[in-house]
Amino acid sequence: MDDDADQQHLTAAPGYARGQLAKAFTTALTHEDADTRRRAESRVTRWRAVLAGMAGGLLSIGSRTPVAGLPAWVTPEVVHGGFATGTPSAGGPLQPYETRLAERFGVPADRRALFAHCLTDTGLTWLWGQLNSGRYEVTVPEEGALLTMAWLVRHGETAAALDLVAELEPFADRLRFLPRPSTGRTTPDATDALHRRTVSDTVDRLVRRRPNAAVEAQREALAVWQPFGDELLVHWLETAGGEDGRVLELAPDADWLACGAGLLSRYRQLAEEHTRCGKHRDPKENLGILRGALEETVAGRVLDARRLGLLRHAVASMVRRRGLPGSAPHTELRRVQRTQAALPSHHALAQVLVGRLAGLPQESGIADLAPVLAPVSEPEERETGLPAGAQLPPVLRRVVEGALSAPVATLVERGVVPSAEVLAELVPQLVAVTTARSYDDPALRTLMAANYRAFRNRRSLLLLNLERQVRIEELPWVRAVAAQRGDGTTEAALLLRQLGELAVLGFPGTILPNPLVRELGVLARQSKPGAPLVEELAADIFMDAFGPKFLVAAGIAGELLGGSLYERYYGIDYAAIHDLAIAEASEASGRADGSGPRTSPGFARLCAERAEAASSAPAGSKSLSSSGSWVAANGKVIEQSQILTTHNLATLVHRVGIAPEPGWADLARRCFGTVCRLTARVHRNPWPYPTIKDAAYAWRQLVFHLSLCPPAEQRRVLDDLDAEAARHPAHVTARLAPALAGLRLVADGGTFAPDGTADEGRARRLLGWSTDGHWLATDPTAGGTRGS
């Protein structure tokens, strides 16, 4: 391809949507849980809308404007896979708050009437009151549009307000542009403290916890049925005659029968009150045998030989296993079991936590966990009957810790944020605050923060033809107040560097997830225009093309890594990439229309050539193989783009300026820990290729970090990696031996063959994607048999 005009415009096929509809339909018909069936029925409705829209021409899946007649800024309803249903998220029937506002304003209960009312003096006064109080919510960005219009009018920006109204008015009957009134005040976060869950969310999780049936049955067995079984055993031993715990003969007298009748009466009462454990009803269990024999005897029936034999065996086995009742071993065993049974249940302790959380603000996090996680107090003992001093189990502590409100670095350190994906969920809160702080007016700052948070709840669309997701600055109401933004570059740059360091340091060996890349990209556009951040492309919809920012990112990597271990290990010619960037920039500057290119054909060609050279199987063959199909061929090309660009690591180091402590050598060692952990999961894995791909991502980061170390330190780290590999199971050590040998080979000045091997295959370059099987999937300790 030479030009973006040569790009074929593609749209998504309906096969995926049909498959999702079939799955949802099956679940809706067959699942045992009623709530799950109802959710599946809702999915059936949405997937039917998708298919109907695609068939009728209403939907163009793969476009950034997938719904005919709706501009890109309208928030679409999106289902799994990025498919729009055709319904706007801000559309549908009137919300209850809209109906209440229509009654309050004295206008018809329809959106156009509400829209028109907000353009009157009375409506503007109401909107100004909302701006002043901050008592509103914005759940989809559209709900902040009329508030923005009102702010413009109040500040004399009448022309901008009229332009905004003109852009919104065609959709006034379909979309809700009014904010949701709220009892709480909407304000930008005053601090950098974040929380994964609110107190209210935590209470809901605790309330939904139910007693563990197996645990409660065991508790009942220890507290009720084992002591009762001891009583039956003593009764048989003391009154039926016996020697060394063996029942020899039955000679019941009146007292024995009366005592037995009492035991049976109490059994019936216990069985009625304690229903969790049913083992005592089993006639083959010891307790069932003792009780059954007693019922027969008390009823005046003589035990036959079989019943008597079972009785003798049950008594003997109980004595043999636990000792005679009253003996030291038996007494100690029952003491331990009573202590275990007396421990408060997780369910009961969860109710204590619910009571503690009830007194806290419900829509925020918890700044101080200590009072909430303290042992049961004496007042709580009097109220609940739980023993004072009882400790909360780890499983409940983790639920509450999810509501911890603290700086994001603290949340990562304490494990509240366990992955880069979870970090990506929280970062929009910080970016919203940072973005909003660049507005001088407090009311506008509050509104823009709420708008940003709502925008980040917008689900990504499936996009083809190199289209990009809608950016927040494209929303008409954000555009309308763009001139009100001050210079927030310093604060955005600081947050960008902090988050970049946190992601690299907190989750070594993990690729930056796309949602996090997007948030970092927002900060980069505000503060570091020359710091392009690239997303991970999906192999199943890859179109053999890359945007121009990929070549720019590769050029930045070359500035940092030219002549480095990284360049030599992956066989990169960064000087040639520099020349390619100059050539494509020159070609773009010569365009008559002055438009920039949509693709970098030279970068795409380079990635394809490198992917083909990486193995004997042609990268473009797209034939079925052990590692999948044409998707794997696409994956090989995408992986080469990640290698050339370092998938944002070079940009973060060289342009953003991250310098994580305690240093690059430590990060390289930690990345190798991730490599070892993932390689261990390959063993006997029936489908190891996704795990191998992740291991190769971690390995690439290891090589990057190692390349930033001086040569002497590189050698020390390599020795540490060899020692660390030896501490793992033999199959892990053996699998990684070729990769470690290859890394040391290059560090010592050697090179790989074009296919990534050296020293007759004993040293290998570790890549993730393969179209003809992967050497890491083979277990060398099993005589060459396949690890899967």
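**Pockets, cavities and an aromatic cluster**

Okay, let's start with an open space: the second largest pocket comes to about 410 Å³. Keep in mind that this is a predicted model. Fifteen is a lot to read out, so of the 15 lining residues I'll just give you those nearest the pocket's centre: Gln226, Lys279, Glu285, Leu287 and Arg322.

Where does that lining come from? Helices H9 (213–239), H11 (286–298) and H12 (305–322) each put in at least two residues, and H9 gives the most, with 5. By character, the pocket lining splits into 6 charged, 5 nonpolar and 4 polar residues.

Now the closed spaces. We count 5 cavities of 30 Å³ or more. The second largest cavity is about 50 Å³, and its lining includes Arg64, Thr65, Leu70 and Pro76. That lining has 7 nonpolar residues, 1 polar and 1 charged.

Right, on to the rings. The whole structure has 21 aromatic pairs. Take Tyr566 and Phe704: they sit edge-to-face, 6.2 Å centre to centre, with 85 degrees between the planes. Tyr566 is in helix H24 (residues 565–569) and Phe704 is in helix H30 (residues 689–707), so this pair ties together parts 138 residues apart in sequence. Are these two buried or exposed? Both Tyr566 and Phe704 are buried.

Then there's Tyr569 with Tyr570: ring centres 4.8 Å apart, planes at 85 degrees, so that's edge-to-face. Tyr569 is buried at 0% relative accessibility, and Tyr570 is buried too, at 3%. Put Phe752 alongside Tyr566, Tyr569, Tyr570 and Phe704, and you have one aromatic cluster.

Notes:
Residues are numbered from 1 along each chain as its sequence is written. This is a predicted model: local features need pLDDT of at least 70, side-chain atom pairs count only at pLDDT 80 or more; totals for chains, interfaces and linings use all residues. Side-chain values use heavy atoms; hydrogens and water are left out. On a 1 Å grid over the protein atoms alone, a cavity is a set of points where a 1.4 Å probe fits but cannot get out, and a pocket is an open set with protein on both sides within 12 Å along at least five of seven lines; lining residues have an atom within 4 Å of a point. Grid points are joined across faces, edges and corners, and a volume is the space filled by probe spheres set on the points. Ala, Val, Leu, Ile, Met, Phe, Trp, Tyr, Cys and Pro count as nonpolar, Asp, Glu, Lys and Arg as charged, and the others, Gly among them, as polar. Helices (H or I, at least four residues) and strands (E, at least two) are DSSP runs, numbered from the N terminus. Rings of Phe, Tyr and Trp (its six-membered ring) pair if their centres lie within 6.5 Å; planes under 30 degrees apart count as stacked, over 60 as edge-to-face and the rest as tilted. Buried means under 20% relative accessible area, exposed over 50%, partly exposed in between (1.4 Å probe, protein chains only).
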